[in-house]
Structure formats: C-alpha cells, structure tokens
Amino acid sequence: MIGTWFVMGVDLGSTTAKAVVVDQDGGLRGAEVVQMGAVSPAAVARAIDGALHAAGVTTGDIRRTISTGYGRKLVPGADRSFTEITCHARGAAALYPGVRLVIDIGGQDSKAIIVDDDGLVDRFAMNDRCASGTGRFFDVLARALEVDIEDVGELALSGADDLEVSSMCATFAETEVISLLAQGRARADIAASVHKAVAARTLGLVAQVGKASPVVMTGGVAKNVAALRYVSRALDRPVELLDQPQIAGAYGAGLLARDEYLGSAEAAAHRDTLSESQWAATTSAATPHCLDCDGTLEHAPHTGLIALELPRSIR
C-alpha cells in the first residue's frame with residue numbers, strides 16, 4: 001500500500017453508529033454498523049475499530065476524519081463535522097450515480113433531499129421533531145405485534161392494507177395497534193396498513209421538495225422490504241435499494257474527508273454551512289415536540305417539516 005492514504009467517515013445516529021474507511025481514490029475499503037440503544041461512545045469506538053479492521057489499516061493510516069449524524073459533535077478524533085443532509089446526498093450520489101431524490105428514514109428523523117449533478121444538496125425537507133414513520137416508529141410497531149423488527153416488513157407484505165390507521169404518533173400508535181389486535185384484526189393486516197400510512201406521510205415530505213428520479217432510500221428503514229414497496233407505490237415510481245443503505249451518510253462523510261484532504265471541499269462546505277444555519281434558525285423558532293399535534297394521520301404530514309431551498313448563487 002505504498003503511496004496509498006486513507007480517510008474516515010463516521011455517522012453517529014440515534015440508534016446506530018456507522019464508520020467507513022475510504023481510500024485516496026474514493027473507494028470504500030471497509031465499513032461497520034453497530035446497533036445501540038442510545039447515542040453511545042462505546043458504539044462509536046466499536047464501529048471505528050470494525051471499519052479499520054475490515055480495511056486492514058490502523059488509526060495511524062487515517063489522514064482525516066469527518067463526522068455526521070445526530071451525534072456528530074460527539075465523535076472522538078473528528079477533524080470536522082457535516083450535516084447528515086450533506087453527507088447522505090454525497091454518499092447516495094456515489095453509491096447510485098445519477099440519483100436525484102434521496103429519501104433518508106433514520107432512527108429518529110426523516111428527510112427528502114434533492115441532489116444536483118455534482119451530488120450536492122439542491123433543496124431538502126426534514127421532519128426531525130416527530131418520530132412518526134421513523135425507525136423508532138417501526139420498533140414500536142414490531143413490539144406491539146410481538147415480532148422481530150427484521151420480520152415486520154415481510155409480515156406486512158403478507159397482509160391487506162385496508163385497515164384505518166388514524167394515529168401516526170409513536171406515542172399513541174402502540175395503543176392503537178393493541179386495540180386493533182383486540183378487535184381480532186390480523187397482525188399482517190395491521191402491519192400492512194401501518195406501512196401504507198407511513199408511505200403516505202413520506203409522500204407528504206417529498207411534496208415539500210418535489211418528485212424527481214431516480215430515487216433511492218437510505219437509512220435503516222430502507223432494509224424494510226415493505227417500506228420500500230409502499231413508498232415506491234405512493235410516489236408512483238421505482239425506489240432503488242442500495243447494497244448498504246445504512247452507510248450512505250458515513251460514506252458521504254468519508255468522501256468529504258477525502259475532498260478536504262485534497263483541498264477541494266469548498267463548495268460542499270459552503271453549502272453545508274448555509275443549510276445548517278437555515279435549519280437551526282427554522283427549528284429554533286419552530287413548534288416544540290408534539291405541541292398542537294393530535295397524532296392523527298391528517299395532522300402528521302404537516303408536523304415538524306422543514307423545507308429549505310439553497311440560493312442558486314451557490315449551487
């Protein structure tokens with residue numbers, strides 16, 4: 001490996017820690033995903049160690065590290081952090097060249113991102129103040145149905161989606177699922193109907209930025225076959241599945257680390273700074289969690305959405 005150098009991207013989310021090692025040509029050399037119950041320094045360390053081991057390199061071989069995700073400020077040794085919006089766009093564009101719409105459904109929030117020709121963010125909408133339709137929401141569904149989270153998608157595909165699901169609030173959903181079970185409704189039908197409702201909410205998020213193709217899903221929920229199918233149906237267009245949808249953000253961070261080391265990350269950094277400041281300004285004045293929300297599907301698509309468009313002067 002004479003003359004070869006490496007960088008690292010770390011995505012610390014609300015339920016998983018992801019790390020990747022990227023080589024000087026932008027190639028993905030190693031990756032690791034670690035499940036966790038909450039933001040955990042130990043999980044980050046395991047993800048970093050796993051990615052280094054998979055790549056066959058050591059910490060001393062890493063020239064630069066960029067962090068992203070919900071806990072990006074907590075990643076030890078990071079030289080800089082970027083928003084997950086920027087990193088998911090960059091990672092998805094590298095993993096699926098030509099992508100124009102990225103739907104990221106993570107553990108605690110969801111995003112719709114329009115990507116330009118350079119893999120940079122053109123505009124985005126985000127729901128970060130309600131767990132409806134996120135990984136946490138599917139955890140609640142799986143627990144109420146007494147199935148493993150890995151099996152809830154397959155269960156949904158075997159059911160009919162004609163049940164009325166009025167609550168999209170993670171707090172209330174478990175109670176509603178239990179009520180439907182008490183009425184004798186089939187678990188598969190409940191799972192299918194909830195997935196259909198989640199897809200409708202995702203469509204509302206995409207409407208904030210506009211439909212575009214090709215479309216990919218990133219985040220852990222992308223591994224749910226029913227979620228992918230119902231979102232595709234709601235959008236009325238194919239949604240592509242990446243080989244490793246959970247590492248898109250970390251890979252994007254790694255590619256930005258490479259760009260920075262080469263001195264060519266100015267455009268991405270400028271755009272990321274602007275989108276982060278706009279996001280912070282919007283959320284600081286926004287409605288607090290759950291206030292004025294009755295948890296219904298009719299209300300949910302409009303709760304916690306942040307739609308931002310970057311000025312054309314820096315696109």
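## Exercises on rings and cores

The charged end of Arg 233 lies over the ring of Tyr 230, 4.8 Å from its centre. The model is predicted.

**Exercise 1.** Find the aromatic pair and classify its geometry.

*Solution.*
- Step 1. Count the pairs: the rule yields 1 aromatic pair.
- Step 2. Name the partners: they are Trp 5 and Tyr 261.
- Step 3. Read the geometry. The centres are 4.7 Å apart, with 55 degrees between the planes.
- Step 4. Apply the cut-offs. Under 30 degrees is stacked and over 60 is edge-to-face, so the rest count as tilted. The pair of Trp 5 and Tyr 261 is tilted.

**Exercise 2.** Work out which parts of the chain this pair ties together, and whether each partner is buried or partly exposed.

*Solution.*
- Step 1. Place Trp 5: it lies in the segment before strand S1 (6–12).
- Step 2. Place Tyr 261: it belongs to helix H8 (residues 248–262). The pair therefore links parts 256 residues apart in sequence.
- Step 3. Check accessibility. Buried means under 20% relative accessible area. Trp 5 has 11%, so it is buried. Tyr 261, at 37%, counts as partly exposed.

**Exercise 3.** Describe the largest nonpolar core.

*Solution.*
- Step 1. Size: this core holds 44 residues.
- Step 2. Hubs: Leu 101, Ile 103, Leu 145 and Met 217 touch the most other members.
- Step 3. Elements: those giving two or more residues include strand S6 (101–105), helix H6 (187–207) and strand S9 (215–218). H6 gives the most, 10 residues.
- Step 4. Take one hub. Beyond four places in sequence, Ile 103 touches residues including Thr 202, Val 206, Met 217 and Leu 235.
- Step 5. Look elsewhere: a second, separate core has 19 residues, among them Val 34 and Val 57.

Terms used
Residues are numbered from 1 along each chain as its sequence is written. This is a predicted model: local features need pLDDT of at least 70, side-chain atom pairs count only at pLDDT 80 or more; totals for chains, interfaces and linings use all residues. Side-chain values use heavy atoms; hydrogens and water are left out. A nonpolar core is a set of buried Ala, Val, Leu, Ile, Met, Phe, Trp, Tyr and Cys residues joined through side-chain atoms within 4.5 Å. Buried means under 20% relative accessible area, exposed over 50%, partly exposed in between (1.4 Å probe, protein chains only). Helices (H or I, at least four residues) and strands (E, at least two) are DSSP runs, numbered from the N terminus. Contact means heavy atoms within 4.5 Å. Rings of Phe, Tyr and Trp (its six-membered ring) pair if their centres lie within 6.5 Å; planes under 30 degrees apart count as stacked, over 60 as edge-to-face and the rest as tilted. A charge sits over a ring if NZ of Lys or CZ of Arg is within 6 Å of the ring centre and within 35 degrees of the ring normal.
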